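Subject: A structure to look through, with notes

Dear colleague,

I am handing over the structure below, together with some notes on what was found in it. Please keep it open beside this email while you read.

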Amino acid sequence: MTEPAVLTSKSISVLVAGTGIVVGGGLAGSEAAWQAAERGLHVTLYEMRPGQMTPAHSSEHLAELVCSNSLGSNLVDRAPGLLKEELRRLGSLVVACADATAVPAGGALAVDRNAFAAMVTERIDSHPRITLRREEVKTIAQSGPLVMATGPLTSPALAKELASLTGSDHLYFYDAMAPIVSAESVDRTVAFRASRYGRSEGEGDYLNCPMTQAEYERFVRELLSAETIPLRDFEREDARFFEACLPVEVLARRGQKALAFGPLKPVGLTDPRTGRRPYAVVQLRQDNRAGTLYNLVGFQTNLKWAAQERVFRLIPGLERSEFVRFGQMHRNTFINSPKLLCPTMQFRPREDLFFAGQITGTEGYVGSVASGFVAGMNAARLAAGRPVLSFPPTTMIGALCHYVCEAAPGNFQPMKANVGLFPPLDPPVRSKRDRYAAYSRRALADLDSFMDCKGL
């Protein structure tokens, strides 16, 4: 194991001798504390472990990876790889430690999880401007800079405080996410645009994938036999887990026609190929402003990802669909960021309060690191009296932060880094491989220009 080669960006300098607080020692909190401290802020980082453990953690280390040891693709023409490359150029602590503790994983960045967490902990604990305090935070400080990065397993006491701060209608504890596909991967010779009974202006608000009776019955059979993800003990023991939103496979078990009378009901729709109402219809709803992503309406699911890809591609029009996010159901504390946050990761009602990590809706390890970077950087800039920054939406870090803060708040769900978040290329590029490469070139060029312009 070697020391990280680069832990700072091109021109980080000490800007301010103020103080700040970061709550939560996961990936986002560790990154936020490091970035703020590197910019001169004296940071107190609070982590409740090991005094109070969570059901998912097993050690006292900061940045413990509780699921996979993989941080995803390292290829810069893939969204996760591009985001990591951007963070490397910006001087991310977490990505540098991941690089230094990497294990063989083909084109992915996987780590020795114990060595990785130990290195992050050592770097944080030895930083001259970071004080690590091992105690639970139960109240939210009234003045900042303050970064809340408490993660999906926020303690009950602090969750109650967050509910009071944000409004209970904007804080969620159980995450039911439907799969999302790229719009360009939907077969438009099969799927048609329409709203039920023509209740919209223009073409219609949904893409509709029509099913015959035979196609529907085959889909239900495969759905019922597909492998699901076992619930963890603390999820299985909670009676509220499936209270608000039934998984599509659970609903299907209630009867052969349960889906046809539920989320797949065809009423008010006519298949333009036949001029008749289909037997069943899967509706896709636009998920971002650019119209490049669509989610499967009513398809929250606990199927394993491989099973989702196999079964959901039985839906007519989705045979070659590209899934940018699979469905999930798990305990996950997160806020309605489009109502509450700016792309700077600032809380709209209070400029010295920042949020970072999965609690903001940035899904995945590296997404958490990215939001932590933005929050920590801006906390230090605010303390120094400098303008806070939001990254260009043509960069992956900027696209992700803009999405979680500007998505439709009525059906907001967490999102991982994916190229569907980018503004379209001008001119368009038809080949998928060439298009992804073009997105990457544009993102890195725009990031370099942004860093030069802002002195990062």
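Does Asn295 count as buried or exposed, and what is its relative accessibility? Before the answer, please keep in mind that this is a predicted model. Asn295 has a relative accessibility of 5%, and since buried means under 20%, Asn295 counts as buried. This residue lies in strand S13, and, leaving aside residues up to four places away in sequence, Asn295 touches Pro179, Ile180, Gln283, Leu284, Arg285, Gln286 and Asp287.

The chain as a whole

The chain has 456 residues, of which 55% count as buried, and it holds 13 helices and 17 strands. If you take the contacts between residues at least 6 apart in sequence, 69% of them join residues at least 24 apart. One pair to look up for yourself is Lys432 and Glu184, which are 248 residues apart along the chain, while their C-alpha atoms are separated by 9.9 Å. Lys432 lies in helix H13, which covers residues 432-454, and with a relative accessibility of 42% Lys432 counts as partly exposed.

Two helices with a buried side

Helix H6 covers residues 213-225, and its 13 residues reach 19 Å from the first C-alpha to the last, which is close to the 18 Å expected at 1.5 Å a residue. The buried residues of H6 are Tyr216, Phe219, Val220 and Leu223. They are on the same side of H6 because they cover an arc of only 100° around the axis. It may help to recall that an α-helix has 3.6 residues a turn, so residues three or four places apart point the same way. On the other side of H6, the exposed residues are Ala214, Arg221 and Ser225. The buried residues of H6 are covered by elements that include strand S11 (206-211), helix H8 (248-252), strand S12 (280-286) and helix H9 (305-312).

Helix H5, which covers residues 156-166, can be read in a similar manner, and its buried residues are Leu158, Ala159, Leu162, Ala163 and Thr166. These residues cover an arc of only 145° around the axis, which puts them on the same side of H5. Lys160 and Ser164 are exposed on the other side of H5. After H5 comes Gly167, whose phi is positive, near 95°.

A sheet of three strands

Strands of a sheet pair through backbone hydrogen bonds, either parallel or antiparallel. In this model, three strands form an open sheet in the order S3-S5-S4, and the pairing is antiparallel. Strand S3 (70-73) and strand S4 (102-103) are the edge strands, since each pairs on one side only. Between S3 and strand S5 (residues 108-111) there are two bridges, in the antiparallel sense, and Ala110 in S5 is the bridge partner of Ser70. Helix H2 (residues 79-90) packs on this sheet, where it touches S3 and S5, and the direction of H2 makes about 110° with that of S3.

Aromatic pairs

A pair of aromatic rings is described by the distance of the centres and the angle of the planes. The structure holds eleven aromatic pairs, and two of them are described here.

In the pair formed by Phe299 and Phe312, the centres are 5.3 Å apart and there are 75° between the planes, an arrangement that is edge-to-face. This pair links distant parts of the chain, with Phe299 in the loop between strand S13 (293-296) and H9, and Phe312 in helix H9, 13 residues apart. Phe299 and Phe312 are both buried.

The rings of Trp305 and Phe326 have their centres 5.4 Å apart, and the pair is stacked because the planes are at 25°. Trp305 lies in helix H9, whereas Phe326 lies in the loop between strand S14 (323-325) and strand S15 (328-335), so this pair ties together parts that are 21 residues apart in sequence. Trp305 is partly exposed, with a relative accessible area of 42%, whereas Phe326 is buried, with a relative accessible area of 12%.

To return to helix H6, its buried residue Phe219 is linked by ring pairs with Phe299 and Phe312 into a cluster.

With best wishes

How values were computed. Residues are numbered from 1 along each chain as its sequence is written. This is a predicted model: local features need pLDDT of at least 70, side-chain atom pairs count only at pLDDT 80 or more; totals for chains, interfaces and linings use all residues. Side-chain values use heavy atoms; hydrogens and water are left out. Helices (H or I, at least four residues) and strands (E, at least two) are DSSP runs, numbered from the N terminus. The expected span of a helix is 1.5 Å times one less than its number of residues. Buried means under 20% relative accessible area, exposed over 50%, partly exposed in between (1.4 Å probe, protein chains only). The arc is that of the directions from the helix axis to the C-beta atoms. Contact means heavy atoms within 4.5 Å. Two strands pair if DSSP finds at least two bridges between them. Axes are lines fitted to C-alpha atoms, for helices over the stretch in contact, and angles run from 0 to 180 degrees between N-to-C directions. Rings of Phe, Tyr and Trp (its six-membered ring) pair if their centres lie within 6.5 Å; planes under 30 degrees apart count as stacked, over 60 as edge-to-face and the rest as tilted.
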